Amino acid sequence: MTLQEYTSSSHNFEECMKCTVCTAYCPVVPANPKYPGPKQAGPDGERLRLKDPFFFEETLKYCLNCKRCEVACPSGVKVADIIQAARIRYSKSKPKLRDRILASTDFMGTLARPFAPVVNGMTGLGATKAVLDATFAIDKHRTFPKYAFKGFESWFRKEAPDQSRFPEQVAYFHGCYVNYNFPQLGKDFVKVMNAAGIGVSLLDKEKCCGVAMISNGMIDGAKKHAAHNVAVLGKAVESGKKILTTSSTCTFTMRDEYPELLGIDNGKVRDSITLATRYLYEKIVAGEVKLPFKKDFHAKIAYHTPCHMEKLGWGVFSIGLLKMIPGIELTVLDSNCCGIAGTYGFKKENYEVSQAIGKPLFDQIARVAPDYVACDCETCKWQIEMSTGLEVRNPISVLAEALDI
Amino acid sequence: MEFDVMIIGGGLAGLTAGLALQEKGKRTAIVSAGQNALHFSSGAFGLLDREDPFGAVAELDEDHPYARIGADSLRTFAEKAKGLFARAGIELNGNPLGNGFRLTPQGALKRAWLTLPEVDLFPDEAAVKGHKVLIVNLLGYLDFNTSFLALGLEKKGCTCRVETLRLPEMERLRQNPSEMRSVNIARVMDNAWVKVAGEVKSLLKDEDWVILPQVFGLRDATVPSQIRETVPARVLFVGTMPPSVPGMRTQMQLKRAYEALGGTFLMGDEVLSAETGEARVRSVETRNIGRIGAKDFILATGSYFSKGIASDMNHVYEPLFAADVIQDEGRGSWYDPNFFNPQSFLSYGVATTPGFKVLKEGVPFENLYAAGSVLGGCRSLALGCGAGVALVTALSVAETI
């Protein structure tokens, strides 16, 4: 091994100038003193880990992987990637049964959905919550997202033949949440796309994007999902279709985490994966699409930019699209992590930290007092709904409601 | 996406240009690859480290941005800068047409032009003589050196007493010494300042001055003035090691004001390439958004640290447009072996027309302007003109557009 191999690491590690700006924007540091902070956990710690893996600390698990350190870094260091890659490479801790349950979103969805009324009834019960809290360390304050009795995929099967009437076609990566928990968002998506003159098809059996597996240390599973998804996404891209999504995190994971953390080459599909809001915004601005809006629509909305949306840099598209709806009074909330970070906030040991991180956001929402909150991420939705009592809608659902059709 | 003006760089120059252009009714966007030099601010802006900054313009090199603007216009822009900040909700201290002094963390006095609200600006050096000073730090905070400060002030004929506060609110933070940083303390202090003010009040004996580190007023800009109202002595807030709390707050305030005027701030994005032709810039390509077109473009990418300027072994270059760069031939002439002497390489930067249009192979781009520390011709460290150049050139460019 050469000296170079000993001393170099990926993710722009060597560009770090130790300026500590990352630390100033980390949402975990002020809430959890056990977390060493992005600079220490990232580039500083990496320097030591390259010498000896002994220096790996399990406290890196407190990183939310929100990527705010990367957005802030003036030197282009992929701080969060360094931290997550270190967890993948060095962590000795095995995911607990609880972590496997939380991370296996599509497996659990497949199991639970046929029994949706029973499962929903049970997970909502105080007694069940107490049992989950005591036996699985899933915090009792959390409410599990409800499972839909009829999934989005089976609803869509009846719609599919009708979609071929549109000359322009896109493929939809709906994600676990739309399929198992909230098919209405998928239905809204189809309604909006059809109103824009665009037909929708699904992929040849998508799997969960794998984000929850990555954060729970189930890397082999995440790699399998990623490889499968890249293959089925590839088929859609080959047939000339863009792949649209309604979740900022699924989008970010498939575009950037696959190559950076899982080492899965997505070069052929990456640039074809985009959020539906971005796709529509660009079509409307280019004059290719004109949506008919209700004349009497009115809503006071506060838009929350999810962390992975900040990292994608695409908040401008969702915000721009919402602004096009006549009768909308829109407040863009300050950039602030809501604290849930996918499965992180569901874990009993993280509950208090999770709520402390989100507090400035919840306080601002209370001050704005909107009719509801708009947001492109399903886990932010659960967190904000639980913590503020207000409903959270995807911008695509807001659009669907405002359409005059 | 299409804008009237696309500003590359979200630091002091980019934000100032953005604010001035939005006020003129232009549709602008700022793309910012990470955070900027405001995070390392002392809390004071320098115009020119001379007793009479406007009179001294005549002595500057002809490449210096002030020499190009001229002393008269420099006065106009200097006054406008203070007004622009006031409209963004930031009341800067100081007369924009003159210099004062600020107290450094070493207990020295340095010339300063305008300062952020919590940073005192003294009219002359005599103002610091003969005071009784209580210097207060927080237990475990290493980025504020009270001994240096006391030593410097005692040289000026002050007597100093140093005290350290131990607050229960800080104990959680102290569990993690590597994160015992200005900004993290400031987050706690947005709520805990009342206690600090109370403790300081009870520590006070016959001192007429109290000095605290700049760790107050991150989200709530009124905290420093509230402390001042509580403590019956003159309270000074002195700079810490980075990140700078007043600087970071100022960045947030300017960005918010810019967005409130309708500006689009693209945080964490980066311009990868530009499409140019016939001495015009047509569009830029960013990592997150893709193509962005505009009528005019402003290069406010900063100097070496922000990668607005880069170098290899033999050349200093501007990476985005391959613009002409003012520099000396041969690496040997770039620097002085005495570290503390003015360094030539610090004056290297983009060459422009007198109106700040960027030159490439001697030909100006018709719609590309440069502002701030990307500009060549100023040894900003030696001349103390970094913030002044950023503000004044940004305003000048915004006026031209």
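This passage describes how the domains and chains of a predicted model meet.

The domains of chain A come first. Chain A is divided into domain 1, residues 3–90, and domain 2, residues 299–402. The centres of these two domains of chain A, taken over C-alpha atoms, are 27 Å apart. Contact between them involves 14 residues of domain 1 of chain A and 14 residues of domain 2 of chain A. About 1,100 Å² is buried between the two domains of chain A, and carbon and sulfur atoms give 65% of that area. On the side of domain 1 of chain A, the most area is lost by Ala31(A), Leu64(A) and Arg68(A). Together these three residues account for 47% of what that side buries.

Polar links also cross this interface. One salt bridge is found between domain 1 of chain A and domain 2 of chain A. A salt bridge joins the side chains of Glu70(A) and Lys311(A), with an N to O distance of 3.2 Å. Four residue pairs are in polar contact between the two domains of chain A, counting pairs with both residues at pLDDT 80 or more. The side of domain 1 of chain A that touches domain 2 of chain A holds eight nonpolar residues, two polar residues and four charged residues.

Chain B has its own domain assignment. Domain 1 of chain B takes in residues 2–93 + 248–400, and domain 2 of chain B covers residues 120–238. Between the centres of these domains of chain B lie 34 Å, taken over C-alpha atoms. Six residues from domain 1 of chain B and seven residues from domain 2 of chain B make the contact. The area buried between the two domains of chain B is about 560 Å², with 60% of it on carbon and sulfur atoms. In domain 1 of chain B, the residues that lose the most area to domain 2 of chain B are Asn93(B), Met248(B) and Arg249(B). Their combined share is 68% of what that side buries.

Zero salt bridges are found across the interface of domain 1 of chain B and domain 2 of chain B. Two residue pairs are in polar contact there, both residues being at pLDDT 80 or more. The side of domain 1 of chain B that touches domain 2 of chain B has two nonpolar residues, three polar residues and one charged residue.

Aromatic pairs were also counted. Over all chains, the structure holds 18 of them. One of these is an edge-to-face pair of Phe321(B) and Phe365(B), at 6.0 Å centre to centre and 65 degrees between the planes. Phe321(B) lies in the loop between β16 (316–317) and β17 (325–326) of chain B, while Phe365(B) lies in strand β20 (residues 363–370) of chain B, so the pair ties together parts that are 44 residues apart in sequence.

The two chains meet as well. Contact is made by 30 residues of chain B and 36 residues of chain A. About 2,600 Å² is buried between the chains, 53% of it on carbon and sulfur atoms. Two salt bridges cross the interface of chain B and chain A. Arg256(B) and Asp334(A) form a salt bridge through their side chains, at 3.7 Å from N to O. Polar contact links 11 residue pairs across the chains, with both residues at pLDDT 80 or more. The elements of chain B that give two or more residues to this side are α6 (182–203), α8 (245–260) and β11 (264–267). By class, the side of chain B that touches chain A has 11 nonpolar, 12 polar and seven charged residues.

Conventions. Residues are numbered from 1 along each chain as its sequence is written. Chains are lettered from A and ligands numbered from 1 in the order in which they are written. This is a predicted model: local features need pLDDT of at least 70, side-chain atom pairs count only at pLDDT 80 or more; totals for chains, interfaces and linings use all residues. Side-chain values use heavy atoms; hydrogens and water are left out. Domain bounds come from an automatic or database domain assignment. Contact means heavy atoms within 4.5 Å. Buried area is the accessible area (1.4 Å probe) that two parts lose on being put together, summed over both. A salt bridge is a side-chain nitrogen of Lys or Arg within 4 Å of a carboxyl oxygen of Asp or Glu. A polar contact is a pair of N or O atoms within 3.5 Å; within protein, one must be able to donate a hydrogen and the other to accept it, and residues adjacent in sequence count only if both atoms are side-chain atoms. Ala, Val, Leu, Ile, Met, Phe, Trp, Tyr, Cys and Pro count as nonpolar, Asp, Glu, Lys and Arg as charged, and the others, Gly among them, as polar. Rings of Phe, Tyr and Trp (its six-membered ring) pair if their centres lie within 6.5 Å; planes under 30 degrees apart count as stacked, over 60 as edge-to-face and the rest as tilted. Helices (H or I, at least four residues) and strands (E, at least two) are DSSP runs, numbered from the N terminus.
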